[in-house]
Amino acid sequence: AAHWLESGPLPLELYFEHRNYLPTAFLFLPVFAALSGHNLKYRSLALVAPTMLIVLALQTFQRASIWGNEERLAYSWANTQLYSQRAQRYAALMAEKNGKPNLALAIIHDARERMPNNVMFALQELTLYCRYMQVTRAHYDAFIELIEKPYKFRTFEIWHDFVKFAPEAQCKGLDYDDTLKILTKLKENPLIVNNRPRKQRI
């Protein structure tokens, strides 16, 4: 019921786990009520309380060890939310930030296998190849083919960063003309061509 109030019918992601605090505040009351309703000896009840405290303390430590490490949190979130674009992209960004471009690419590769038509994954993959490896014609042509399909252009900032970076000398395999072609294809996209505000942003 609390999840319905907090997020609707969709399950909460790890990033929003704090919304579970209130719903779980009285989760163990039925357990203690059931135990107190039985004719248990005082000694047995005395063992239940510290046992529950130890279990809860261990669970708290385990969760805090993840929340206290941003990189581990990102990977844990991505592992539990395999179809979340935000979770997968965040994990790849954290891997790149911590000097692990190969891991970042592996995360995006796996995400693309699950969601092959996701333009943001394809763009992040292209950017990683551009920065750390080599963009081949096969990579470039596949990306062009993907953005020719109907695409809802929403994340302008990501594209802006890519366009600033791609034509520069450190980008391996893309030049100014390649970047211009990507933008041209975006402007010609069926869901953008008649959308004047988005077309102007491009």
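Helix α7 gives six residues to the lining of the second largest pocket, the largest share of any element. The model is predicted. The pocket holds about 250 Å³ of space. Three elements give two or more residues to its lining: α5 (85-97), α7 (119-132) and α9 (156-165).

Which residues line this pocket? They are R89, L93, E96, M120, L123, Q124, T127, L128, R131, I158, D161 and F162. By type, the lining divides as follows.

| Type of lining residue | Number in the second largest pocket |
|---|---|
| Nonpolar | six residues |
| Polar | two residues |
| Charged | four residues |

**The whole protein**

Now step back from the pocket. The secondary structure comes to eleven helices and zero strands. Read from the N terminus, the elements run α-α-α-α-α-α-α-α-α-α-α. The protein has 202 residues, and 32% of them count as buried. Take the contacts with a separation of 6 or more: 58% of these join residues 24 or more positions apart.

**Helix α10**

Helix α10 covers residues 176-187, twelve residues in total. From its first C-alpha to its last, α10 reaches 17 Å. That is close to the 16 Å expected at 1.5 Å a residue.

Which residues of α10 are buried? They are D178, T179, I182, L183 and L186. Seen down the axis of α10, these buried residues fall within an arc of 140°, so they line one face of the helix. The face turned away from the buried side carries Y176 and D177, which are exposed.

What covers the buried residues of α10? The cover includes α7, α8 (137-147) and α9. Two of these names have come up before: α7 and α9 also give residues to the lining of the second largest pocket.

**Residue K149**

Where is K149 placed? Look in the loop between α8 and α9. Is K149 buried, exposed or partly exposed? Its relative accessibility is 40%, so K149 counts as partly exposed. The class runs from the buried limit, under 20%, to the exposed limit, over 50%.

K149 touches N117, N189 and P190, leaving aside residues up to four places away in sequence. K149 also gives a link back to α10. Its C-alpha atom is separated by 9.5 Å from that of L186, though the two residues are 37 residues apart along the chain. L186 is one of the buried residues of α10.

How values were computed. Residues numbered from 1 in each chain as written. Predicted model: local features only at pLDDT ≥ 70, side-chain atom pairs only at ≥ 80, totals over all residues. Heavy atoms only, no water. 1 Å grid on protein atoms, 1.4 Å probe; cavity = no way out; pocket = protein on both sides within 12 Å on 5 of 7 lines; lining within 4 Å. Points joined across faces, edges and corners; volume = space filled by probe spheres on them. Helix = DSSP H or I, 4+ residues; strand = E, 2+ residues; numbered from the N terminus. Nonpolar A, V, L, I, M, F, W, Y, C, P; charged D, E, K, R; others polar. Expected span 1.5 Å × (residues − 1). Buried < 20%, exposed > 50% of the residue type's maximum accessible area, 1.4 Å probe, protein only. Arc of directions from axis to C-beta. Contact = heavy atoms within 4.5 Å.
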